[in-house]
Amino acid sequence: MTRECQSPVGAPHWAIALIGLPWSVHGGEAANERIAASGGSGPDSFNCWEFVRMVQARHFGRLLPEIGNPEDMLVMGRTFRDHPERRRWAKVETPAEGDCVLLRRSRHPIHVGVWLDVDGGGVLHCAEGAGVVFQRSDALALNGWAVEGFYRFIGDQ
């Protein structure tokens with residue numbers, strides 16, 4: 001996403017202001033309190049889920065639960081697969097603005113971002129070593145990410 005990137009209505013996309021925010025394995029200590037209290041004004045640093053929580057709260061009005069960020073990759077994969085929050089999201093074939101994108105580097109999903117309908121579509125996510133980035137599918141693949149699926153929020157049904 002470039003600084004010239006525009007939303008479908010012609011104004012600069014809100015995500016531009018988030019590019020470059022730093023990654024941290026556990027994010028800021030008070031991340032959850034700030035997200036809940038302010039509707040998403042996040043901490044100084046993020047892990048992928050804390051970043052998704054902030055974006056969903058601030059830009060899509062969705063309060064998502066805290067999910068721990070285990071450092072063991074197998075435990076992380078199981079957490080993404082088995083967490084009750086997945087029941088509030090339906091897998092879809094074609095993503096739309098605000099959908100979550102579950103990513104993997106092996107056979108287990110271990111990373112999540114948010115789909116944006118800009119620059120032909122891509123994923124806004126907070127990655128270790130890079131911080132917040134926007135990547136189209138070709139850039140995701142070059143960085144070792146494969147899309148496990150696109151998920152649309154359906155709430156508690």
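Colleague: Before we look at this predicted model, which cut-offs decide whether a residue is buried, exposed or partly exposed?
Modeller: The sorting rests on relative accessible area, where a value under 20% makes a residue buried and a value over 50% makes a residue exposed. Whatever falls in between is called partly exposed.

Colleague: With those cut-offs, how does Arg152 count, at 29% relative accessibility?
Modeller: The value to place is 29% for Arg152, and the range in between runs from 20% to 50%. Because 29% falls within that range, Arg152 counts as partly exposed.

Colleague: Which residue forms a salt bridge with Arg152, and is that residue buried or exposed?
Modeller: The closest N and O atoms of the pair are 2.8 Å apart, and the partner of Arg152 is Asp99. Arg152 belongs to strand 6, whereas Asp99 sits in the loop between strand 1 and strand 2, so the salt bridge ties together parts that are 53 residues apart in sequence. Since its relative accessibility is 3%, Asp99 counts as buried.

Colleague: How many salt bridges does a search of the whole structure find?
Modeller: Besides the pair of Asp99 and Arg152, the side chains of Lys91 and Glu148 meet in a salt bridge at 3.6 Å, N to O. Lys91 is in strand 1 and Glu148 in strand 6, so far along the chain that 57 residues separate them, and the pair thus links distant parts. For the whole structure, the number of salt bridges found is two.

Colleague: Where is Arg88 found, and which backbone oxygen lies 3.2 Å from a polar atom of its side chain?
Modeller: Arg88 is found in the loop between helix 3 and strand 1, and it counts as buried because its relative accessibility is 16%. Among the residues in contact with Arg88, leaving aside its neighbours within four places in sequence, are Leu64, Pro65, Arg152 and Asp156. The backbone oxygen at 3.2 Å belongs to Leu63.

Colleague: Which residue caps the N-terminal end of helix 2?
Modeller: Helix 2 is mostly covered, with 10 of its 13 residues buried, and just after this helix Gly61 takes a positive phi of about 70°. At the N-terminal end, a side-chain oxygen lies 3.0 Å from the backbone nitrogen of Trp49, and the residue that supplies this oxygen is Asn47.

Colleague: Which element gives the most to the largest nonpolar core?
Modeller: This core has 23 residues, and Leu18, Phe51 and Val55 are among those that touch the most other members. Strands 2, 3, 4 and 5 each give two or more residues, but the element that gives the most, with six residues, is helix 2.

How values were computed. Residues numbered from 1 in each chain as written. Predicted model: local features only at pLDDT ≥ 70, side-chain atom pairs only at ≥ 80, totals over all residues. Heavy atoms only, no water. Core = buried A, V, L, I, M, F, W, Y, C linked by side-chain atoms within 4.5 Å. Buried < 20%, exposed > 50% of the residue type's maximum accessible area, 1.4 Å probe, protein only. Helix = DSSP H or I, 4+ residues; strand = E, 2+ residues; numbered from the N terminus. Polar contact = N/O pair within 3.5 Å; in protein donor to acceptor, adjacent residues only side chain to side chain. Contact = heavy atoms within 4.5 Å. Salt bridge = Lys/Arg side-chain N within 4 Å of Asp/Glu carboxyl O.
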